[in-house]
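This report sets out selected structural features of one protein chain. It takes up loops, strand pairing, aromatic contacts and a pocket in turn.

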Amino acid sequence: LDIKLDNLCRVIIDLSPDVLGLQEVESEKALKKLQDSLRRLGENFPYAVIAAKKPATVKCALLSKYPVIRSTEIPVPGGSRSLLRADLDVSGNRLIVFVNHWKSKNGPESRRIAYARALAAAADELPEKSDYILMGDFNSNYDEFLTIRDRPVLDDTRGVIGINHVLKTLSGDELVGEKELVKKAGQNFHYNLWLEVCKERRWSALFFGRPASPDAILLPAALYDGKGVSYLDNSFDKFDPGYVFDGHRLLRWQRTERGKGRHLGIGFSDHLPVYACFTEGPFDFRDNRAICSDKYEDVSIADLYNSKTGAVNLELKHCAVIYRHGDNAVIKQKNGRAVYVYKEGQALKEGCVYDITVSRLKCYYGNLEITGIESTEKTGEVKKPGRYYIGSPNIDLSARELENEVIGKYCGTYKKDGFYYGKGRQIRLYFKIKSLEPEPNTRICLKHVRIGYHKSPELVIEKPEQIKLIELNSADLLSDRGL
């Protein structure tokens with residue numbers, strides 16, 4: 001239990017929310033333990049409420065740094081657990097938060113419809129233009145009206161979907177967008193914030209091995225009217241730091257006997273948290289990602305590999321540009337790690353050193369990339385470039401800690417299954433320009449090639465000067481040492 005609390009606290013503290021909706025909380029005692037653990041670690045949530053009337057072991061709860069004016073348990077006809085309503089005092093403004101945990105997809109859609117109707121009824125009872133948020137585990141994709149077709153056994157409601165039709169996130173055949181939400185204020189439509197991130201990021205859990213978006217935040221038009229609490233546009237995302245993954249899979253809390261046996265004291269959750277930011281000021285439509293805080297966190301490039309992806313506020317100091325190709329670059333800190341900058345390297349000049357403010361990270365087929373840069377400031381130049389390249393003759397270039405590094409000079413043999421170098425070492429080659437690929441069993445030298453990762457490690461050859469063929473009678477044929 002102590003390990004589980006520590007792991008949960010690590011995620012919560014790194015996410016640093018002011019209001020936290022929770023699902024699958026066993027009891028008031030368990031919630032108190034989490035609250036106390038967070039307080040000991042310096043993250044204090046003075047207010048805690050839980051829907052505890054039903055004897056379920058998977059209750060909805062809420063922790064808040066804002067005062068809870070009142071809390072109400074919302075029963076669901078035929079449901080095994082209740083929903084939770086918490087009214088918060090946010091600097092004199094009332095903000096109502098509904099925490100949800102709908103029935104899982106072990107049952108048909110009619111079971112989730114019951115939760116949707118109970119929630120919709122509770123929201124409909126609020127005074128007009130009340131500020132409220134619908135959040136939690138809806139066990140429904142943001143586009144469930146489409147994805148349910150993949151599992152027709154779930155459709156016992158003739159295509160009527162709780163999250164889409166009952167909560168009105170759908171208008172006609174289209175999901176409700178922000179501008180349509182505002183135009184139809186008063187008609188009880190809701191905007192699902194998953195629509196703010198690119199499609200490839202629209203998942204927080206794996207359902208039968210497929211990405212799913214059960215965890216969501218839905219907003220009414222009242223949070224766009226410029227009165228009371230307003231949504232900070234384009235601030236929604238999922239929280240997915242590297243440490244909550246085991247390879248490409250979520251590192252859920254581990255138990256023997258396929259989740260029913262002894263606790264192993266390893267892991268976090270089988271769901272990723274989702275978050276959004278709000279303000280007491282007026283609402284503004286934004287075209288770019290919103291930064292929830294003006295404070296930037298000073299980190300090293302090595303820290304990026306355990307950071308969440310998506311929108312970030314990170315400051316990198318003394319980054320040397322050791323590789324450029326088009327608008328892409330590789331930056332590295334002295335005696336530290338390297339990282340790939342994708343299509344954001346326009347202001348970066350090879351051989352120069354910068355302080356860089358990073359606004360977005362992405363994990364593309366397992367490879368970490370900087371995909372958003374807020375600002376750059378040149379602080380110097382690279383005096384000895386060779387120190388930044390990988391050059392040890394027998395090093396394993398496929399080692400995961402060398403992801404995004406740039407090699408010095410390595411000679412070896414190209415075969416169809418990869419590049420052979422050193423003492424029996426091998427790594428895959430990827431040729432961006434197909435004409436650069438040599439015939440199999442050709443001796444080659446590679447120079448200033450970056451180490452990429454696309455499901456597995458590879459050397460990425462993008463420029464003709466990076467590869468040189470070695471004549472069979474060349475003296476280089478006698479050595480595979482690489483330097």
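## Loop residues

In this predicted model, G78 counts as exposed, because its relative accessibility is 89% and the threshold for that class is over 50%. G78 belongs to the loop between β4 (68-74) and β5 (83-90). Its C-alpha atom is separated by 9.2 Å from that of Y115, a residue 37 positions away along the chain.

The loop between β5 and β6 (93-101) holds S91. Although S91 is not a glycine, its phi is positive, at about 55 degrees. S91 is also exposed, with a relative accessible area of 52%. A second residue other than glycine with a positive phi is Y365, where the angle is near 50 degrees. Y365 is located in the loop between β24 and β25. With a relative accessible area of 40%, Y365 is classed as partly exposed, since that class lies between the 20% and 50% limits.

## Pairing around β25

The turn that contains Y365 belongs to a hairpin: β24 and β25 are joined with two residues between them. The two strands pair in the antiparallel sense over 12 bridges. Within this pairing, K362 stands opposite E369 in β25.

Strand β25 (residues 367-381) also pairs with strand β23 (residues 338-341); these two run parallel and are joined by two bridges. Here the bridge partner of Y340 is E369 in β25. E369 therefore takes part in both pairings, facing K362 and Y340, as DSSP bridges define the pairing of strands.

## Pairing around β26

Strand β26 (residues 409-415) is mostly covered, with five of its seven residues buried. One antiparallel partner is strand β29 (residues 442-447), with six bridges between the two. Another is strand β27 (residues 418-421), also antiparallel, with four bridges. The connection from β26 to β27 is a hairpin through two residues.

Which residues stand opposite T413 in the two neighbouring strands? In β29 the residue is R443, and in β27 it is Y420. As a general point, side chains in a regular strand alternate between the two faces of the sheet.

## Aromatic pairs and charges over rings

A search of the whole structure finds 14 aromatic pairs. One of them joins W203 and F245 in an edge-to-face arrangement, with 6.4 Å from centre to centre and 80 degrees between the planes. This pair links distant parts of the chain: W203 lies in the loop between β10 (191-192) and β11, F245 lies in strand β16, and 42 residues separate them. W203 is buried, with a relative accessible area of 15%.

F283 and F285 form another edge-to-face pair, with ring centres 4.8 Å apart and planes at 90 degrees. Are the two partners buried or exposed? F283 is buried, at a relative accessible area of 11%, whereas F285 is partly exposed, at 43%. Both residues belong to a cluster linked by ring pairs, which comprises Y224, Y231, F278, F283 and F285.

Charged groups also sit over rings. The charged end of K65 is placed over the ring of F45, 5.3 Å from its centre. R400 lies over the face of Y453, and the distance to the ring centre is 3.6 Å.

## The second largest pocket

The second largest pocket encloses about 1400 Å³ of space. It is lined by 48 residues, of which W203, K238, F245, H248 and C363 are the closest to its centre. W203 and F245, the members of the edge-to-face pair described above, are thus both named in this central group.

Several elements each supply at least two residues of the lining: α4 (144-147), β11 (205-207), β12 (210-212), β16 (245-246) and β24 (352-364). Strand β24, which contributes to this lining, is also the strand that forms the hairpin with β25. How many residues of each class does the lining contain? There are 18 nonpolar, 11 polar and 19 charged residues.

Terms used
Residues numbered from 1 in each chain as written. Predicted model: local features only at pLDDT ≥ 70, side-chain atom pairs only at ≥ 80, totals over all residues. Heavy atoms only, no water. 1 Å grid on protein atoms, 1.4 Å probe; cavity = no way out; pocket = protein on both sides within 12 Å on 5 of 7 lines; lining within 4 Å. Points joined across faces, edges and corners; volume = space filled by probe spheres on them. Nonpolar A, V, L, I, M, F, W, Y, C, P; charged D, E, K, R; others polar. Buried < 20%, exposed > 50% of the residue type's maximum accessible area, 1.4 Å probe, protein only. Phe/Tyr/Trp six-rings, centres within 6.5 Å; stacked < 30°, edge-to-face > 60°. Lys NZ or Arg CZ within 6 Å of the ring centre and 35° of its normal.
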